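User: I would like to learn how the terms used for a protein model are decided. Could you take me through them with the structure shown here?

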Amino acid sequence: MAIMITDECINCGACEPECPNTAIYEGGVEWTWGGGTELDEVDFGDGTIVSGKAPQAPVSNEFYYIVADKCTECMGFHEEPQCAAVCPVDCCVPDPDHVEEEETLLAKKAWLHAEA
């Protein structure tokens with residue numbers, strides 16, 4: 001499952017540089033698929049293709065946030081999610097709306113980083 005940042009976030013920013021997928025952004029900041037990944041474009045399979053550089057709307061305007069579709073829980077990089085490991089207020093928690101198995105998270109990592 002992806003990790004999410006709760007509204008208990010104190011906006012310290014400790015989590016952002018720890019993410020190997022660049023899935024964490026400051027509140028109000030637009031994000032991109034390509035940022036921190038090897039994605040030049042994303043094909044959603046329904047005829048929609050988005051440039052990896054195209055800005056996407058922020059998930060939150062108030063707190064740091066995690067883009068669930070880029071979060072792999074640090075699987076394949078670290079033993080545990082690094083955002084949760086460095087968070088001083090323990091607000092980086094599993095997202096019950098985005099539950100994924102280890103195999104799925106590793107496949108997402110491979111897709112994000114263009115691994116063969």
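User: How much area does the protein chain expose, and what share of it do carbon and sulfur atoms supply?

Analyst: This is a predicted model, in which local features need pLDDT of at least 70 and side-chain atom pairs count only at pLDDT 80 or more, while totals for chains, interfaces and linings use all residues. Residues are numbered from 1 along each chain as its sequence is written, and side-chain values use heavy atoms, with hydrogens and water left out. The protein chain exposes about 6,600 Å², of which carbon and sulfur atoms supply 48%, the areas coming from the Shrake-Rupley method with a 1.4 Å probe.

User: Why is Ala-57 called exposed?

Analyst: Exposed means over 50% relative accessible area, buried under 20%, and partly exposed in between (1.4 Å probe, protein chains only). Ala-57 has 57% relative accessibility, so Ala-57 counts as exposed.

User: What makes the protein chain as compact as a globular protein of its length?

Analyst: The pattern along the sequence is β-β-β-β-β-α-β-α, where helices (H or I, at least four residues) and strands (E, at least two) are DSSP runs. The radius of gyration, taken over C-alpha atoms, is set against a globule rule of 2.2 Å times the number of residues to the power 0.38. The chain's value is 14 Å, close to the 13 Å that the rule gives for 116 residues, so the chain is as compact as a globular protein of that length.

User: Which residues does Ile-66 contact, leaving aside its neighbours within four places in sequence?

Analyst: Contact means heavy atoms within 4.5 Å, and on that basis Ile-66 touches Ile-3, Met-4, Ile-5, Ala-23, Ile-24, Cys-71 and Cys-83.
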